[in-house]
Amino acid sequence: FLVISCPCALVISVPLGFFAGIGGASKEGILIKGACYLEALSNPDAVVFDKTGTLTKGTFKVTQIHPVNVTEEELLKYTASAENFSNHPIALSIRKAYSKEIDASLITNVEEIAGNGVKAYINGEEIIAGNSRLMEMFNISYKQNNSSGTVVYAAKNGEYIGSIVISDEIKEDAKDAVKSLKPLVKQTVMLTGDNSKTAKETVDKLGIDKYCSELLPAQKVEKLEELIVKKNKNKSVIFVGDGINDAPVLTRADVGIAMGALGSDAAVEAADAVIMDDKPSKIVKAILIAKKTMSIVKQNIIFALGIKALFLILGAFGIITMWGAVFADTGVALLAVLNSLRALKIT
């Protein structure tokens, strides 16, 4: 009875199953930071996406320049200078479009306004560059630009000087990823700070169920909270993002997944899992690996407890000897360990 009831099979095989699942995911370029997140990944209720850098490539290109009372080059110069110290993909694209060297010594008092844009002094002149909310925040009268893409408005000393339109490309596997997620989750959602027109175009192309646009980081958290409150019991809400603005949402989600290649350090640090090659299709793989791992762990629990219960009954009637007891202990443990190793492979 003592030999049969030894819990070796459970104590070894269950943690090993999780370790094998985490190892199998890492071979696919998915780093999962713990067994609890693997378990949460296995039972998703909804997958929520950021747009820029997550569903899109994040390689922006300036496609339109609309100056007001300044030349195109001046508009680009002021905006690029204000964005000089930012590593955001939009800032990088504006600096690339300007292409000339920026004198950083002329830039002072740079203030990044999260989710809206940036304010800086260029050679003593106040430059504000960002979205429409930033213009409204500083009471600047501006001309609304309804072009498709991300629109950056700029103002100099409180006067509107024009807008720059930046376009982004959807990642090649994003549509397939959303399609593959449909049977696995109740709904897919996109939360973005971009304007409504750009957000709707992206959602329509990818087949995402719902979207919310023009959101600040705090508003993204609020929208995610709503989804968490409405989710089914014992299910999880997954958020996938890449930027520094996504860090609060990644932390709040049941499972936060960050894009590791393009993503900011803050997002990677806050996330529970990291996709190293930034492919949205890896989200589906992560869920499938988690489901397989949990299935193997449950198999081990049922197998170990079932065999031990059977052998305890047989032992009570004197049908099995010590050899049977050794099998019920060591033999079952070895079989459970071998079964756990199946989690190293996704298929």
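Here are some notes on strand pairing, cysteines, salt bridges and backbone angles in this predicted model.

1. Strand 8 is a good place to start. It covers residues 159-167, and 7 of its 9 residues are buried. On one side of the pairing list is strand 3 (residues 61-67), which runs antiparallel to strand 8 and shares 6 bridges with it. If you want a spot to click on, Val62 sits opposite Ile166 of strand 8.

2. The other partner to look at is strand 7 (residues 150-156). Strands 7 and 8 are antiparallel too, with 7 bridges joining them. Here Ala154 has Gly162 as its bridge partner in strand 8. The hairpin formed by strand 7 and strand 8 leaves 2 residues between the strands, and Asn157 in that hairpin has a positive phi near 50°.

3. On to the cysteines. How many disulfides does the structure hold? The count is 0. Cys8 is in no disulfide, and its nearest cysteine sulfur belongs to Cys6, 3.2 Å away. That pair fails the test because a disulfide needs the two sulfur atoms within 2.5 Å. Cys8 itself counts as partly exposed, at 30% relative accessibility.

4. Salt bridges come to 15 in total. One of them joins the side chains of Lys57 and Glu172, with N to O at 3.0 Å. This contact links distant parts of the chain, 115 residues apart: Lys57 is in the loop between strand 2 (44-49) and strand 3, while Glu172 is in the loop between strand 8 and helix 6 (174-181). Are the two ends buried or exposed? Lys57 is partly exposed at 25% relative accessibility, whereas Glu172 is exposed, with a relative accessible area of 65%.

5. Strand 7 turns up again in the salt bridge between Lys156 and Glu125, where the closest N and O atoms are 3.4 Å apart. Lys156 lies in strand 7 and Glu125 in strand 6 (residues 125-130), so this contact ties together parts that are 31 residues apart in sequence. Glu125 comes out as partly exposed, its relative accessible area being 25%.

6. A further salt bridge has the side chains of Lys182 and Asp209 meeting at 2.5 Å, N to O. What does it tie together? Lys182 is in the loop between helix 6 and strand 9 (187-191), and Asp209 is in the loop between helix 7 (196-206) and strand 10 (210-212), so the parts joined are 27 residues apart in sequence. Lys182 is partly exposed at 35% relative accessibility, and Asp209 is partly exposed at 41%. There is also a network to look up: salt bridges with shared partners join Asp50, Lys220 and Asp246 into one.

7. Finally, two backbone angles worth a look. Ser99 is not a glycine, yet its phi is positive, near 65°. Where is Ser99 placed? It is in the loop between helix 4 (89-98) and strand 4 (107-113). Ser99 is exposed, with 60% relative accessible area.

8. Asn234, also not a glycine, has a positive phi of about 65°. You will find Asn234 in the loop between helix 8 (217-230) and strand 11 (236-241). Asn234 counts as exposed, at 63% relative accessibility.

Conventions:
Residues are numbered from 1 along each chain as its sequence is written. This is a predicted model: local features need pLDDT of at least 70, side-chain atom pairs count only at pLDDT 80 or more; totals for chains, interfaces and linings use all residues. Side-chain values use heavy atoms; hydrogens and water are left out. Buried means under 20% relative accessible area, exposed over 50%, partly exposed in between (1.4 Å probe, protein chains only). Helices (H or I, at least four residues) and strands (E, at least two) are DSSP runs, numbered from the N terminus. Two strands pair if DSSP finds at least two bridges between them. A salt bridge is a side-chain nitrogen of Lys or Arg within 4 Å of a carboxyl oxygen of Asp or Glu.
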